[in-house]
Amino acid sequence: MAEPDDCVLLKQGAEARIYLSAYKDTPCILKERFPKKFRHPELDKQLTRSRIRAEVKALKTCATLGLKTPQVFASDLDKRTIHMEFFPFAITAKDYIINGNDEQITWISQEIGKYLAKMHSNKLVHGDLTTSNVLVYNEASEDDFSNTEELKIIFIDFGLSQHEASAEDKGVDLYVLERALLSTHSVADQIFPTILEAYKNEYKNCADAVRKFEEVRARGRKRTMVG
Ligand SMILES: Nc1ncnc2c1ncn2[C@@H]1O[C@H](COP(=O)(O)OP(=O)(O)O)[C@@H](O)[C@H]1O
Ligand SMILES: [Mg+2]
């Protein structure tokens with residue numbers, strides 16, 4: 001299998017590098033969680049292993065739930081890598097929202113809410129929800145993002161996911177998303193309420209999670225006011 005040295009670097013993040021690679025002649029993504037120098041090597045190794053395990057498990061759970069995610073081709077805890085399906089024409093929800101009109105922003109907000117509801121109702125929490133960890137793609141005509149009916153969303157980057165999530169974990173997941181939206185998007189006020197509404201419609205037993213979210217948010221507000 002291709003090693004990072006043979007591959008083209010697509011993205012360099014704080015925790016991982018994303019390479020364009022191949023798996024049995026099919027183009028794929030090679031995600032490598034490189035060692036972090038400031039961490040104790042043994043701790044770094046353990047953290048990396050648990051993140052790769054969590055990511056692979058979550059990607060598989062989503063697939064079982066009928067949610068679109070990159071298919072996992074292989075993972076290697078010692079090499080710190082995951083080979084997964086590549087969506088070459090996908091763009092991030094961040095870019096989609098920045099360039100989107102009202103209708104497109106409403107559409108993606110509803111999709112994110114529904115996707116998250118499906119995960120949470122199956123005890124899966126993402127752990128790092130931002131609009132850079134959601135991709136938008138068009139299965140039919142690749143780089144055309146004009147018609148929402150042809151588009152689908154995909155969640156990625158599940159290294160901090162939790163699999164037996166409590167109502168509190170879910171509430172925190174919602175809160176992390178709200179904070180991320182507020183810091184990234186000037187139209188956050190337009191997005192988050194729509195996400196939450198779609199989430200509530202889709203997730204019948206969401207009351208505890210939503211209550212926890214409101215509690216966590218109220219604590220956050222208090223902390224901000226105290227300074
Ligand atoms: N399967 C994929 N197909 C297409 N692009 C991807 C895929 N996985 C990751 N990317 C791109 O790489 C970026 C970083 O990947 P991510 O898994 O979020 O790692 P990081 O931990 O560095 O944030 C994403 O925001 C996206 O633009
Ligand atoms: Mg990411």
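Where domain 1 meets domain 2, 15 residues of the former are in contact with 17 residues of the latter. Keep in mind that this is a predicted model. The chain splits into domain 1, covering 4–85, and domain 2, covering 91–226. Besides the domain interface, there's ligand 1 to look at, with 16 residues around it.

**How the domains sit together**
- Measure from C-alpha centre to C-alpha centre and you get 22 Å between domain 1 and domain 2.
- About 1,300 Å² is buried between the two domains, and carbon and sulfur atoms supply 70% of that area.
- On the domain 1 side, the residues that lose the most area to domain 2 are Leu65, Leu67 and Lys68. Together those three make up 40% of what that side buries.

**Polar links across the interface**
- The count of salt bridges between domain 1 and domain 2 is two.
- Lys31 and Asp157 form a salt bridge, with their closest N and O atoms 2.8 Å apart.
- Six residue pairs are in polar contact across the interface, with both partners at pLDDT 80 or more.

**What the domain 1 face is made of**
- Helix H1, residues 41–64, gives the largest share of the side that touches domain 2, with eight residues.
- Sorted by class, that side of domain 1 has seven nonpolar residues, six charged ones and two polar ones.

**Around ligand 1**
- Of the 16 residues around ligand 1, the ones that come nearest are Lys31, Glu85, Ser132, Asn133 and Asp157.
- Lys31 and Asp157, from that nearest set, are also the two residues that pair up in a salt bridge.
- Ser132 puts a polar backbone atom 2.9 Å from an oxygen atom of ligand 1.
- Asn133 uses its side chain instead: a polar atom there lies 3.0 Å from a ligand 1 oxygen.
- Lys11 also has a polar side-chain atom 3.0 Å from an oxygen atom of ligand 1.

Terms used. Residues are numbered from 1 along each chain as its sequence is written. Chains are lettered from A and ligands numbered from 1 in the order in which they are written. Side-chain values use heavy atoms; hydrogens and water are left out. Domain bounds come from an automatic or database domain assignment. Contact means heavy atoms within 4.5 Å. Buried area is the accessible area (1.4 Å probe) that two parts lose on being put together, summed over both. A salt bridge is a side-chain nitrogen of Lys or Arg within 4 Å of a carboxyl oxygen of Asp or Glu. A polar contact is a pair of N or O atoms within 3.5 Å; within protein, one must be able to donate a hydrogen and the other to accept it, and residues adjacent in sequence count only if both atoms are side-chain atoms. Helices (H or I, at least four residues) and strands (E, at least two) are DSSP runs, numbered from the N terminus. Ala, Val, Leu, Ile, Met, Phe, Trp, Tyr, Cys and Pro count as nonpolar, Asp, Glu, Lys and Arg as charged, and the others, Gly among them, as polar. A residue is near a molecule or strand if one of its heavy atoms lies within 4 Å of it.
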